[in-house]
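Biologist: Please show me the structure. I would like to go through it by question and answer.

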Amino acid sequence: MNLGTATGRNKGIEPGAERAGRKNGRKFIYLSLAPVLLLFGVFAFLPIGWSLGLSVFKYNPLSGSALFVGADNYIRMLGDSVFLKSLWVTFKFVIIAVMVNIIITLMIAVAIQRIRTGWLRSLMRTLFFLPTIAPLAGTAIVWSTMFNFNHGLFNILLDKMHMAPIQWLSDPHYALYSVIMMTLWADIGYNIVLFIAGLDSIPDMYYEAAILDGASRWHIFKDITLPLLRRSMLFISVTTVVSYFQAFAQFQIMTKGEPFNETRVLALHIYEQAFSNSNMGYASAMATVFLLIILVVTLLQLKWGRTEWEY
Amino acid sequence: MHRRNKWLDGLIMLVLIVAACAMLMPYAWMVLSSLKSNMEIVSGSHTFLPSKASLEGYRTVLVDAPFGRWLMNSAVTSVVITAATLFTSALAGYIFAKHQFKGQKLLFILILATMMIPFQVIMIPTYLITAKLGLVNQLMAIILPNLVSSYGVFLAKQFIEDIPQDLLDAARMDGAGELRLMVRIIAPLILPMLSALGIFTFMNSWNNYLWPLIILNDESKMTVPLALVYFNGTHMVNYNVVMSAAVLITLPVIAVFLIFQKQFIKGLTMTGMK
């Protein structure tokens, strides 16, 4: 009974206080969220809509003329051999670079995790991680000089082994692979660290049980490590695929899409159409296609990743 | 825990050491090239080591180029962007986590959705908007579109949701206003998340290349990565000069990383941010 009146009295006081508090809270919400939302509005929501809108116009910022052309920009893509080639190059780059990335980062992470000396382990991790923090633009320039035909590092090494020099960045057979090599150097550190974290989170007892059962090293890796690493694996593959689709600086600096458009990825093609050729409408249409590709690929990965977990 | 196999362990260690040396090779190349003299490069050097170490490249970068200015541009924009992003992320995260208002869910989903949008999709309209604001070739153009981060808001919301409501109610009972609550109670509790977000925001804006490339072409306004590439275009033949600039730009980043390494790695595994 007493308790009842106590809560009753509390209830009597609370609504007033709460209303005052809520009023204050409202003011706080509106005042502080307004500038944040304004920024999101102007620099995130608006550009997305604008980009979709621009894709049905023929728009040149220099003349300032915008001509409505409907689906023409999209139809034009189907017959644009450079665009189709850049699609092909983009997929080739993403598939090869992501697969090699995941395989070597997983191997290096497993190897580093086996090291028992603490300082040695963190030294190794640091060494592989260092390139990821350097500006990619700088890395691309340094690698361009390493790929130089006349006095680059790689041809000096080939020369030492009495092999013929290679046009690393201007031979159509090698150019894309040269950029992939540089990209991997610059980027594997992230995934190594993420894989090590994933490996660390696997409880020792699974391994202990497997060793008692006399499982071989390979079986332990295949039946314990890999399945329990699935979450890391899904996360790493999604983020790596998305970031490699958007790879730009290394292509723009090292090859400019050459030779014979063998390294003209979509990200570079869109940039050049928009800012070198001032075809902003057409570039926006390509950007829309680019967005759809990334969305579909990500959703597919999530779907496959999830069904595999459930087994 | 494992059956140790000395032979296998040794082999793995050896492979790791070789791989680690390969990882360090470009750094060695960069430093050694920066020490070559112009003479050596023009005459076509075919060696890894400089025949005679020279600081000519560094002198050219520091004396003939507005190097200090470029560093300043990068430092100012990155610091402002990082400070603002931390503030706006924490604020918006707090509101989305602990307040209710109309359209909250929808707004949050919209903000999250922008995380999925590649920059290539929004760069053209963002350029047009920035140009309309009259900011082309101004450092403000680098700063303004980057004052908020959808990832930051998302992270802050996740972390602030875990703070017990009782703690906030108790502080309110003591008469603390919303801002005081943020500074005194929430900020200290989400400090690990904020420092991770801060490090990554700083690094991303320091290293950003595509947006400055679009919006800046005045040499004196350039940020470091852009200036380096521009510089490379004008000094292509003298790559000792370009390599010297690369060294000068890479060293501070590495130093900062070595100092904050722990927070960095922790932040990466905590947030998965790239």
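Salt bridges, folds and a buried lysine

Modeller: At 13% relative accessibility, B:K157 counts as buried (under 20% relative accessible area; exposed is over 50%, partly exposed in between; 1.4 Å probe, protein chains only). This is a predicted model, where local features need pLDDT of at least 70, side-chain atom pairs count only at pLDDT 80 or more, and totals for chains, interfaces and linings use all residues. Residues are numbered from 1 along each chain as its sequence is written, chains are lettered from A and ligands numbered from 1 in the order in which they are written, and side-chain values use heavy atoms, with hydrogens and water left out.

Biologist: Which side chain meets B:K157 in a salt bridge?

Modeller: A salt bridge is a side-chain nitrogen of Lys or Arg within 4 Å of a carboxyl oxygen of Asp or Glu. B:K157 sits in helix α8 (residues 150-161) of chain B, and its partner is four residues away, about one helical turn. The N to O distance is 3.0 Å, and the partner is B:E161.

Biologist: Is B:E161 buried, partly exposed or exposed?

Modeller: The relative accessible area of B:E161 is 36%. B:E161 is therefore partly exposed.

Biologist: Which residue is the nearest side chain of opposite charge to B:K98?

Modeller: B:K98 is found in helix α4 (residues 67-98) of chain B; helices (H or I, at least four residues) and strands (E, at least two) are DSSP runs, numbered from the N terminus. B:K98 is buried yet has no salt bridge. For charge, Lys and Arg count as positive and Asp and Glu as negative; His and the chain ends are not counted. The nearest side chain of opposite charge is 7.7 Å away, and it is B:D162.

Biologist: Which backbone oxygen lies 2.6 Å from a polar atom of the B:K98 side chain?

Modeller: Contact means heavy atoms within 4.5 Å. Leaving out residues up to four places away in sequence, B:K98 touches several residues, including B:I160, B:E161, B:P164 and B:L168. The oxygen at 2.6 Å belongs to B:I163.

Biologist: What is the relative accessibility of B:R172?

Modeller: The side chains of B:R172 and B:E178 meet in a salt bridge, 3.0 Å from N to O. B:E178 is buried, at 14% relative accessibility. B:R172 counts as partly exposed, at 28%.

Biologist: How many salt bridges does a search of the whole structure find?

Modeller: Side chains of opposite charge can pair when their charged atoms come close. In chain A, A:E258, A:R264 and A:E272 are linked in a network of salt bridges. Over all chains, the number found is eight.

Biologist: How many residues apart in sequence are the parts tied together by A:K85 and A:E262?

Modeller: A:K85 forms a salt bridge with A:E262, the closest N and O atoms being 3.1 Å apart. A:K85 is partly exposed, with a relative accessible area of 24%, while A:E262 is buried at 17%. A:K85 lies in helix α3 (residues 81-114) and A:E262 in the loop between α11 and α12, so the pair ties together parts whose separation in sequence is 177 residues.

Biologist: Which peptide bond is cis, with omega near -15°?

Modeller: Most residues other than glycine have a negative phi, and most peptide bonds are trans. A:P259 lies in the loop between α11 (249-254) and α12 (266-275) of chain A. The cis bond runs from A:E258 to A:P259.

Biologist: What phi does A:F260 have?

Modeller: A:F260 lies in the loop between α11 and α12. A:F260 is exposed, with a relative accessible area of 62%. A:N261, in that loop too, has a positive phi of about 60°. A:F260 is not a glycine, yet its phi is positive, about 50°.

Biologist: What is the radius of gyration of chain A?

Modeller: Chain A has 13 helices and two strands. The globule rule, 2.2 Å times the number of residues to the power 0.38, with the radius taken over C-alpha atoms, gives 19 Å for 311 residues. Chain A is well over that, so it is more spread out than a compact globule, at 27 Å.

Biologist: And what radius of gyration does chain B have?

Modeller: Chain B has 14 helices and zero strands. A compact globule of 274 residues would have a radius near 19 Å. Chain B has 24 Å.

Note on methods: A polar contact is a pair of N or O atoms within 3.5 Å; within protein, one must be able to donate a hydrogen and the other to accept it, and residues adjacent in sequence count only if both atoms are side-chain atoms.
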